Amino acid sequence: MEVESNLLIVVIDVNPAQKYVRSDSKQFFNCVDSVLTFCNAHLMLQASNKACVIASHINQSHILYPIEEREGVTLKPIRQVDGQYEVFLELEKSVRSQIKKFVMSDAFTSFDSTRSADSSGNFTTCLASALGKALCYINRKERELTAGEKLNSRILVVSGSSESTAQYMSFMNVFFSAQKLGVIIDACVLGPYATLLSQGADITGGIYLRPPHIPGLLQYLLVRLRVRFTGGLSVNDNEVQ
């Protein structure tokens, strides 16, 4: 009997140059909360479900969760807090601690909100790099499968950054590689229309979303990318621009 597991990888943009972050930094933390809850919903539905969170920053990208994927980090046992499921606690603590480091970094504290988001290319977020890292993670996990195991993988990109044409070829390489691997890429854009991410969603069979309000991001994700009780992600209705 074949045992299926579902891997959800969320690539979250932590670039301070995003318009919604510049207008109100509290919305950024609302976005993080929504992403964490969405990941928990995915993990809750099936014991074999897995999640991975990757941060895309200025000229760099990092795996925030699982903890063992971070270089130089020793895995410590997680104990329940107020009856909270250990996996949820580990996910939340790992992601929040790393996000806190990003917020306290020079890129955030020295960022000039009066400058253009892509002025001189200094604030370009490395989404293509983060997506490439996600595909490498998926490929490695598939190699670790034993006979009778099957892994269904999907990538969700949450970003509000302006696009950089300099990354066009990198994006296309990632999109066609994902298509070849059978990995679907969904795009949740929190800013202006993102042509490249829209193309990526179309190429890989994913959906392109533009939530009208960030405070309602979680409800939007759960409705448009609802987690089925069978454990996998599915599309609800057609894509919404």
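S159 is buried in this predicted model, with a relative accessible area of 2%. The residue lies in strand β4, which spans residues 149-159. A polar contact is made by the side chain of S159, which reaches the backbone nitrogen of S161 at 3.3 Å. When neighbours within four places in sequence are left aside, the contacts of S159 are D13, Q18, L127, C188, V189, L190 and G191.

One of these partners, L190, was examined in turn. Not counting residues up to four places away in sequence, L190 touches S159 as well as Y20, C31, V158, G160, P211, I214 and L217. L190 is also listed among the residues with the most contacts inside the largest nonpolar core, together with C31, V53, L91, V95, L156 and V158. That core has 36 residues. Two or more residues are given to this core by each of β1 (3-13), α1 (19-23), α2 (26-45), β2 (50-57), β3 (60-65), α3 (86-104), β4 and α8 (217-224). Helix α2 provides the largest share, eight residues. A second core, separate from this one, consists of 32 residues and includes A134, L196, L197 and I203. In soluble globular proteins, nonpolar side chains tend to be buried together.

Strand β1 was considered through the residue L8, which has its place there. L8 is buried, its relative accessible area being 0%. In sequence, L8 and V53 are separated by 45 residues, while their C-alpha atoms are 8.5 Å apart in space. V53 is among the residues with the most contacts inside the 36-residue core.

Aromatic pairing was searched for over the whole structure, and three pairs were found. One of them joins Y193 and Y208, whose ring centres are 5.1 Å apart. The planes of these two rings stand at 55 degrees; the pair is therefore classed as tilted, since the tilted class takes angles that are neither under 30 degrees nor over 60. The two tyrosines are 15 residues apart, and their pair links distant parts of the chain. Y193 is placed in the loop between β5 (184-189) and α7 (195-204), whereas Y208 belongs to strand β6, residues 208-209. The partners also differ in accessibility: Y193 is partly exposed at 42% relative accessibility, and Y208 is buried with a relative accessible area of 2%.

Terms used: Residues numbered from 1 in each chain as written. Predicted model: local features only at pLDDT ≥ 70, side-chain atom pairs only at ≥ 80, totals over all residues. Heavy atoms only, no water. Phe/Tyr/Trp six-rings, centres within 6.5 Å; stacked < 30°, edge-to-face > 60°. Helix = DSSP H or I, 4+ residues; strand = E, 2+ residues; numbered from the N terminus. Buried < 20%, exposed > 50% of the residue type's maximum accessible area, 1.4 Å probe, protein only. Polar contact = N/O pair within 3.5 Å; in protein donor to acceptor, adjacent residues only side chain to side chain. Contact = heavy atoms within 4.5 Å. Core = buried A, V, L, I, M, F, W, Y, C linked by side-chain atoms within 4.5 Å.
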